[in-house]
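Me: I've got this one open in the viewer and would like a close look at a single part. Could you walk me through the open sheet and then the loop residues with unusual backbone angles?

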Amino acid sequence: MRIVFAPDSFKGSITAADAAAALAAGWRDVDPGAEIVLRPMADGGEGTVAAFAVAVPSAERMPVSVEGPAGRPVETSWLLLPASDDAPRGTAVIDLASTSGIEMLDELRPWDADSRGFGQAIAAALDHGVSRLVLGIGSSASTDGGTGMLRALGARFLDELGDEVAPGTRGLPDIAHADLSGMRRTSDVRVLTDVTNPLTGPRGAAAVFGPQKGLTDRGDQQRTDSALARLATLLDLDALTPGAGAAGGVGGALVAWGARLLPGAAEVAHLIGLAAALAGADAVVTGEGAYDGQSGDGKVPSHVASSASDAGVPALLAAGRIDEHADTGIFTSVVSLTELAGSSASALSDPERWLHAAGADLARGFAGRGR
(Lines give C-alpha, C1' and ligand atoms only; values in the text may rest on other atoms or scores of the structure.)
Protein backbone atom coordinates (compact mmCIF):
# COMPACT_ATOMS: atom_id res chain seq x y z
CA MET A 1 0.00 0.00 0.00
CA ARG A 2 1.01 3.62 -0.52
CA ILE A 3 0.48 5.77 2.56
CA VAL A 4 0.98 9.56 2.70
CA PHE A 5 1.86 11.20 6.03
CA ALA A 6 0.88 14.89 6.13
CA PRO A 7 0.60 16.15 9.73
CA ASP A 8 1.06 19.66 11.06
CA SER A 9 3.52 20.29 13.86
CA PHE A 10 2.32 19.45 17.36
CA LYS A 11 2.85 22.98 18.65
CA GLY A 12 5.62 23.32 21.20
CA SER A 13 6.09 19.55 21.20
CA ILE A 14 7.36 18.14 17.88
CA THR A 15 7.86 19.44 14.36
CA ALA A 16 5.68 18.34 11.47
CA ALA A 17 8.66 16.61 9.84
CA ASP A 18 9.47 14.62 12.98
CA ALA A 19 5.79 13.85 13.57
CA ALA A 20 5.43 12.51 10.02
CA ALA A 21 8.52 10.34 10.45
CA ALA A 22 7.32 8.93 13.79
CA LEU A 23 3.85 8.13 12.46
CA ALA A 24 5.38 6.46 9.41
CA ALA A 25 7.75 4.37 11.53
CA GLY A 26 4.82 3.12 13.59
CA TRP A 27 2.84 2.26 10.47
CA ARG A 28 5.80 0.40 9.00
CA ASP A 29 6.03 -1.76 12.16
CA VAL A 30 2.61 -3.16 11.26
CA ASP A 31 2.92 -3.01 7.47
CA PRO A 32 6.65 -3.23 6.58
CA GLY A 33 5.90 -3.42 2.85
CA ALA A 34 4.03 -0.10 2.69
CA GLU A 35 5.34 2.61 0.40
CA ILE A 36 5.79 5.67 2.62
CA VAL A 37 5.41 9.23 1.31
CA LEU A 38 6.26 12.06 3.71
CA ARG A 39 4.53 15.39 3.14
CA PRO A 40 4.71 17.24 6.49
CA MET A 41 2.39 20.22 6.45
CA ALA A 42 2.16 23.70 7.94
CA ASP A 43 -0.26 26.60 7.90
CA GLY A 44 2.30 29.41 8.13
CA GLY A 45 3.27 28.87 11.75
CA GLU A 46 6.27 27.09 13.20
CA GLY A 47 7.65 24.35 10.99
CA THR A 48 6.80 25.93 7.64
CA VAL A 49 10.42 25.94 6.46
CA ALA A 50 10.91 22.38 7.74
CA ALA A 51 7.83 21.16 5.86
CA PHE A 52 9.15 22.54 2.58
CA ALA A 53 12.62 21.13 3.27
CA VAL A 54 11.22 17.58 3.50
CA ALA A 55 8.89 17.94 0.52
CA VAL A 56 11.57 19.50 -1.73
CA PRO A 57 14.81 17.52 -1.16
CA SER A 58 16.76 19.79 -3.53
CA ALA A 59 15.96 22.87 -1.41
CA GLU A 60 18.91 24.56 0.27
CA ARG A 61 19.01 26.04 3.76
CA MET A 62 20.56 29.50 3.72
CA PRO A 63 22.10 30.56 7.07
CA VAL A 64 21.40 34.08 8.29
CA SER A 65 22.11 36.03 11.47
CA VAL A 66 19.26 38.27 12.66
CA GLU A 67 18.25 40.27 15.71
CA GLY A 68 15.84 38.05 17.61
CA PRO A 69 12.82 39.16 19.65
CA ALA A 70 14.92 39.22 22.84
CA GLY A 71 17.20 41.85 21.27
CA ARG A 72 20.09 39.42 20.83
CA PRO A 73 21.62 37.93 17.65
CA VAL A 74 20.05 34.68 16.49
CA GLU A 75 21.56 32.22 14.03
CA THR A 76 18.79 30.83 11.85
CA SER A 77 18.12 30.10 8.18
CA TRP A 78 15.70 30.53 5.33
CA LEU A 79 15.03 27.97 2.62
CA LEU A 80 15.88 28.40 -1.05
CA LEU A 81 13.61 26.40 -3.36
CA PRO A 82 14.99 25.66 -6.83
CA ALA A 83 14.17 27.77 -9.87
CA SER A 84 10.90 27.14 -11.69
CA ASP A 85 9.13 28.59 -14.71
CA ASP A 86 7.24 31.11 -12.57
CA ALA A 87 10.18 31.79 -10.20
CA PRO A 88 13.29 31.65 -12.42
CA ARG A 89 15.63 32.80 -9.64
CA GLY A 90 14.14 30.54 -7.02
CA THR A 91 11.75 30.97 -4.11
CA ALA A 92 12.65 31.88 -0.53
CA VAL A 93 10.60 30.35 2.28
CA ILE A 94 10.96 32.22 5.57
CA ASP A 95 9.43 31.51 8.99
CA LEU A 96 8.65 34.38 11.31
CA ALA A 97 8.65 31.76 14.07
CA SER A 98 12.38 31.13 13.64
CA THR A 99 13.37 34.80 13.41
CA SER A 100 10.93 36.78 15.59
CA GLY A 101 8.88 34.03 17.22
CA ILE A 102 7.42 33.86 20.71
CA GLU A 103 8.99 30.45 21.37
CA MET A 104 12.40 32.17 21.14
CA LEU A 105 11.74 34.17 24.33
CA ASP A 106 12.57 32.99 27.85
CA GLU A 107 10.29 35.77 29.14
CA LEU A 108 7.57 37.69 27.31
CA ARG A 109 8.55 41.20 26.17
CA PRO A 110 5.20 42.86 25.35
CA TRP A 111 6.73 46.32 24.91
CA ASP A 112 10.13 45.69 23.38
CA ALA A 113 9.99 42.53 21.26
CA ASP A 114 9.66 43.36 17.58
CA SER A 115 9.69 41.82 14.11
CA ARG A 116 13.04 43.20 12.93
CA GLY A 117 14.67 39.77 12.63
CA PHE A 118 11.96 38.63 10.22
CA GLY A 119 12.61 41.67 8.05
CA GLN A 120 16.36 41.02 8.14
CA ALA A 121 15.81 37.46 6.86
CA ILE A 122 13.58 38.82 4.08
CA ALA A 123 16.29 41.34 3.18
CA ALA A 124 18.86 38.53 3.02
CA ALA A 125 16.66 36.60 0.60
CA LEU A 126 16.21 39.71 -1.55
CA ASP A 127 19.99 40.19 -1.53
CA HIS A 128 20.28 36.65 -2.89
CA GLY A 129 18.05 37.68 -5.78
CA VAL A 130 15.06 35.33 -5.39
CA SER A 131 12.02 35.77 -7.60
CA ARG A 132 9.42 34.91 -4.98
CA LEU A 133 8.97 35.12 -1.22
CA VAL A 134 6.79 32.66 0.71
CA LEU A 135 6.41 33.96 4.26
CA GLY A 136 4.98 32.03 7.21
CA ILE A 137 3.91 34.50 9.88
CA GLY A 138 2.61 32.39 12.78
CA SER A 139 3.95 32.48 16.36
CA SER A 140 4.94 36.15 16.55
CA ALA A 141 6.45 37.47 19.78
CA SER A 142 5.34 41.08 19.34
CA THR A 143 2.51 43.51 18.64
CA ASP A 144 4.65 46.02 16.77
CA GLY A 145 2.39 46.34 13.73
CA GLY A 146 5.19 44.99 11.56
CA THR A 147 7.24 48.16 12.05
CA GLY A 148 10.37 46.20 12.96
CA MET A 149 10.11 44.18 9.76
CA LEU A 150 9.50 47.28 7.64
CA ARG A 151 12.46 49.06 9.26
CA ALA A 152 14.72 46.18 8.24
CA LEU A 153 13.45 46.71 4.69
CA GLY A 154 14.30 50.43 4.73
CA ALA A 155 11.28 52.19 6.29
CA ARG A 156 11.66 54.86 8.99
CA PHE A 157 9.11 55.67 11.70
CA LEU A 158 9.46 59.14 13.18
CA ASP A 159 7.96 61.15 16.03
CA GLU A 160 6.72 64.75 15.84
CA LEU A 161 10.32 66.03 16.07
CA GLY A 162 11.52 63.81 13.24
CA ASP A 163 13.40 61.39 15.48
CA GLU A 164 13.22 57.61 15.16
CA VAL A 165 10.75 56.13 17.65
CA ALA A 166 11.65 53.24 19.94
CA PRO A 167 11.27 49.74 18.49
CA GLY A 168 8.49 47.36 19.40
CA THR A 169 5.08 48.18 20.83
CA ARG A 170 6.74 50.79 23.05
CA GLY A 171 7.33 53.13 20.11
CA LEU A 172 3.98 52.75 18.35
CA PRO A 173 2.11 55.60 20.12
CA ASP A 174 4.91 58.05 19.21
CA ILE A 175 4.79 57.46 15.46
CA ALA A 176 3.76 60.63 13.67
CA HIS A 177 5.38 60.07 10.28
CA ALA A 178 6.25 57.03 8.18
CA ASP A 179 9.06 57.51 5.67
CA LEU A 180 8.71 54.67 3.17
CA SER A 181 10.87 56.21 0.44
CA GLY A 182 13.84 53.97 1.13
CA MET A 183 11.92 50.69 1.36
CA ARG A 184 12.97 47.76 -0.77
CA ARG A 185 10.32 46.35 -3.09
CA THR A 186 9.58 43.06 -4.81
CA SER A 187 6.61 41.82 -6.78
CA ASP A 188 5.75 38.23 -5.75
CA VAL A 189 5.22 37.93 -1.99
CA ARG A 190 2.90 35.23 -0.64
CA VAL A 191 2.02 35.32 3.04
CA LEU A 192 0.79 32.15 4.72
CA THR A 193 -1.58 32.54 7.64
CA ASP A 194 -4.63 30.88 9.15
CA VAL A 195 -5.65 34.13 10.89
CA THR A 196 -8.44 36.32 9.52
CA ASN A 197 -8.48 38.96 12.29
CA PRO A 198 -8.32 42.63 11.27
CA LEU A 199 -5.56 44.90 12.53
CA THR A 200 -7.75 46.86 14.96
CA GLY A 201 -10.98 46.62 16.91
CA PRO A 202 -12.36 43.97 19.28
CA ARG A 203 -10.98 41.18 17.05
CA GLY A 204 -7.77 43.03 16.30
CA ALA A 205 -4.11 42.30 17.04
CA ALA A 206 -3.93 44.05 20.42
CA ALA A 207 -7.24 42.78 21.80
CA VAL A 208 -7.03 39.14 20.69
CA PHE A 209 -3.34 38.33 20.42
CA GLY A 210 -1.80 40.97 22.69
CA PRO A 211 -2.51 39.00 25.90
CA GLN A 212 -0.64 35.97 24.51
CA LYS A 213 2.42 38.21 24.19
CA GLY A 214 2.11 39.77 27.63
CA LEU A 215 -0.08 42.77 26.79
CA THR A 216 -2.64 41.91 29.45
CA ASP A 217 -3.83 45.30 30.72
CA ARG A 218 -7.03 46.41 29.00
CA GLY A 219 -5.95 50.05 28.92
CA ASP A 220 -2.64 49.12 27.30
CA GLN A 221 -4.49 47.09 24.70
CA GLN A 222 -6.74 50.04 23.87
CA ARG A 223 -3.79 52.45 23.56
CA THR A 224 -1.96 49.99 21.33
CA ASP A 225 -5.09 49.52 19.22
CA SER A 226 -5.32 53.28 18.70
CA ALA A 227 -1.64 53.42 17.75
CA LEU A 228 -2.13 50.60 15.24
CA ALA A 229 -5.09 52.46 13.70
CA ARG A 230 -2.89 55.54 13.26
CA LEU A 231 -0.12 53.38 11.78
CA ALA A 232 -2.59 51.90 9.28
CA THR A 233 -3.48 55.42 8.10
CA LEU A 234 0.20 56.26 7.61
CA LEU A 235 0.72 53.05 5.63
CA ASP A 236 -2.45 53.65 3.55
CA LEU A 237 -3.82 50.35 4.83
CA ASP A 238 -7.42 49.40 5.57
CA ALA A 239 -7.16 48.34 9.22
CA LEU A 240 -10.18 46.06 8.82
CA THR A 241 -8.58 43.93 6.09
CA PRO A 242 -8.99 40.27 7.06
CA GLY A 243 -5.66 38.88 8.20
CA ALA A 244 -4.07 42.29 8.80
CA GLY A 245 -3.97 41.51 12.53
CA ALA A 246 -1.94 38.33 12.04
CA ALA A 247 1.42 38.19 13.84
CA GLY A 248 0.79 41.34 15.84
CA GLY A 249 0.10 43.37 12.71
CA VAL A 250 2.86 41.95 10.52
CA GLY A 251 0.11 40.70 8.20
CA GLY A 252 -1.11 44.26 7.66
CA ALA A 253 2.39 45.63 7.18
CA LEU A 254 3.03 43.02 4.51
CA VAL A 255 -0.21 43.94 2.72
CA ALA A 256 0.93 47.56 2.77
CA TRP A 257 4.23 46.36 1.25
CA GLY A 258 2.31 44.73 -1.60
CA ALA A 259 2.05 41.12 -0.41
CA ARG A 260 -0.90 38.76 -0.77
CA LEU A 261 -2.36 37.04 2.28
CA LEU A 262 -3.22 33.41 1.52
CA PRO A 263 -4.79 30.55 3.53
CA GLY A 264 -1.68 28.92 4.92
CA ALA A 265 -2.55 25.22 4.78
CA ALA A 266 -3.97 25.43 1.26
CA GLU A 267 -0.96 27.31 -0.12
CA VAL A 268 1.56 24.99 1.56
CA ALA A 269 -0.32 21.98 0.18
CA HIS A 270 -0.20 23.50 -3.30
CA LEU A 271 3.50 24.36 -3.16
CA ILE A 272 4.65 20.98 -1.76
CA GLY A 273 2.52 18.97 -4.20
CA LEU A 274 0.10 17.32 -1.76
CA ALA A 275 -2.49 16.61 -4.47
CA ALA A 276 0.07 14.76 -6.59
CA ALA A 277 1.18 12.75 -3.55
CA LEU A 278 -2.43 11.74 -2.85
CA ALA A 279 -3.06 10.54 -6.40
CA GLY A 280 -3.13 6.76 -6.22
CA ALA A 281 -2.53 6.63 -2.47
CA ASP A 282 -4.37 4.12 -0.29
CA ALA A 283 -4.62 6.46 2.72
CA VAL A 284 -3.31 9.71 4.18
CA VAL A 285 -2.47 10.27 7.85
CA THR A 286 -2.66 13.81 9.19
CA GLY A 287 -2.65 15.36 12.66
CA GLU A 288 -1.98 18.25 15.03
CA GLY A 289 -1.51 18.88 18.72
CA ALA A 290 -5.13 19.59 19.60
CA TYR A 291 -8.05 18.79 17.33
CA ASP A 292 -10.98 20.92 18.47
CA GLY A 293 -13.82 23.05 17.24
CA GLN A 294 -11.48 25.43 15.42
CA SER A 295 -9.65 22.68 13.54
CA GLY A 296 -12.24 22.60 10.80
CA ASP A 297 -11.63 26.26 9.96
CA GLY A 298 -8.76 26.03 7.48
CA LYS A 299 -6.38 24.13 9.75
CA VAL A 300 -4.06 21.47 8.37
CA PRO A 301 -6.07 18.32 9.24
CA SER A 302 -9.29 19.64 7.73
CA HIS A 303 -7.53 20.77 4.57
CA VAL A 304 -5.74 17.43 4.18
CA ALA A 305 -9.03 15.58 4.74
CA SER A 306 -10.77 17.74 2.12
CA SER A 307 -7.98 17.12 -0.38
CA ALA A 308 -8.11 13.41 0.38
CA SER A 309 -11.87 13.37 -0.21
CA ASP A 310 -11.36 15.03 -3.60
CA ALA A 311 -8.85 12.29 -4.45
CA GLY A 312 -11.04 9.47 -3.15
CA VAL A 313 -8.48 8.62 -0.45
CA PRO A 314 -9.38 7.78 3.19
CA ALA A 315 -8.03 10.28 5.73
CA LEU A 316 -6.86 9.19 9.19
CA LEU A 317 -6.18 11.48 12.15
CA ALA A 318 -3.66 11.35 14.99
CA ALA A 319 -3.90 14.25 17.45
CA GLY A 320 -2.37 14.99 20.80
CA ARG A 321 -5.84 15.66 22.14
CA ILE A 322 -9.25 15.32 20.49
CA ASP A 323 -12.02 17.49 21.91
CA GLU A 324 -15.18 15.51 22.54
CA HIS A 325 -17.26 18.13 20.73
CA ALA A 326 -15.03 18.28 17.64
CA ASP A 327 -16.42 16.90 14.39
CA THR A 328 -14.21 13.96 13.40
CA GLY A 329 -16.66 12.57 10.86
CA ILE A 330 -14.40 13.57 7.97
CA PHE A 331 -11.86 10.92 9.07
CA THR A 332 -12.04 7.17 8.56
CA SER A 333 -10.22 6.60 11.85
CA VAL A 334 -8.89 8.77 14.69
CA VAL A 335 -6.49 8.23 17.57
CA SER A 336 -5.60 10.47 20.50
CA LEU A 337 -2.06 10.46 21.90
CA THR A 338 -3.47 11.46 25.28
CA GLU A 339 -5.62 8.32 25.37
CA LEU A 340 -2.75 6.12 24.21
CA ALA A 341 -0.37 7.58 26.81
CA GLY A 342 -2.91 7.72 29.63
CA SER A 343 -2.57 11.48 30.16
CA SER A 344 -1.67 14.71 28.40
CA ALA A 345 1.48 15.01 30.48
CA SER A 346 2.71 11.59 29.37
CA ALA A 347 1.92 12.32 25.73
CA LEU A 348 3.74 15.66 25.85
CA SER A 349 6.77 14.20 27.62
CA ASP A 350 7.58 11.85 24.72
CA PRO A 351 5.57 12.80 21.62
CA GLU A 352 7.75 10.78 19.25
CA ARG A 353 7.04 7.57 21.19
CA TRP A 354 3.30 8.11 21.21
CA LEU A 355 3.13 9.20 17.58
CA HIS A 356 4.96 5.98 16.73
CA ALA A 357 2.31 4.10 18.72
CA ALA A 358 -0.44 6.07 16.99
CA GLY A 359 0.92 5.19 13.56
CA ALA A 360 0.89 1.49 14.47
CA ASP A 361 -2.62 1.76 15.91
CA LEU A 362 -3.95 3.42 12.75
CA ALA A 363 -2.25 0.81 10.55
CA ARG A 364 -3.83 -2.06 12.50
CA GLY A 365 -7.25 -0.46 12.28
CA PHE A 366 -6.86 0.22 8.56
CA ALA A 367 -5.75 -3.34 7.85
CA GLY A 368 -8.72 -4.60 9.87
CA ARG A 369 -11.06 -2.82 7.45
CA GLY A 370 -9.78 -5.03 4.66
CA ARG A 371 -7.72 -2.40 2.85
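Reply: Here's the sheet, followed by a few residues outside its strands.

Bear in mind that this is a predicted model. The sheet is open and has five strands, paired in parallel in the order S2-S1-S11-S12-S13. Its edges are strand S2 (35-38) and strand S13 (333-336); each has a single partner strand, so one side of each has no neighbour in the sheet. On average, neighbouring strands here are turned by 20 degrees against each other, ignoring direction. As a general point, strands in a sheet pair through backbone hydrogen bonds, and the pairing can be parallel or antiparallel.

Zoom in on S1 (residues 2-5) and S11 (residues 283-291): they run parallel and are joined by three bridges. If you want a spot to click on, Phe 5 has Val 285 in S11 as its bridge partner.

Now for the loop between helix H8 (218-234) and helix H9 (250-257), where you'll find Asp 236. Its phi is near 60 degrees, a positive value in a residue other than glycine. Ala 247 lies in the loop between H8 and H9 too, and its phi is near 55 degrees, again positive in a residue other than glycine. Their surroundings are another matter: Asp 236 is exposed because its relative accessible area is 73%, over the 50% cut-off, while Ala 247 counts as buried because its relative accessibility is 9%, under the 20% cut-off.

One last stop is Ala 275, in helix H11 (residues 274-278). Ala 275 is exposed, at 61% relative accessible area. From Ala 275 to Gly 368 it's 93 residues in sequence and 26 Å in space, C-alpha to C-alpha.

Notes. Residues are numbered from 1 along each chain as its sequence is written. This is a predicted model: local features need pLDDT of at least 70, side-chain atom pairs count only at pLDDT 80 or more; totals for chains, interfaces and linings use all residues. Side-chain values use heavy atoms; hydrogens and water are left out. Helices (H or I, at least four residues) and strands (E, at least two) are DSSP runs, numbered from the N terminus. Buried means under 20% relative accessible area, exposed over 50%, partly exposed in between (1.4 Å probe, protein chains only). Two strands pair if DSSP finds at least two bridges between them. Axes are lines fitted to C-alpha atoms, for helices over the stretch in contact, and angles run from 0 to 180 degrees between N-to-C directions.
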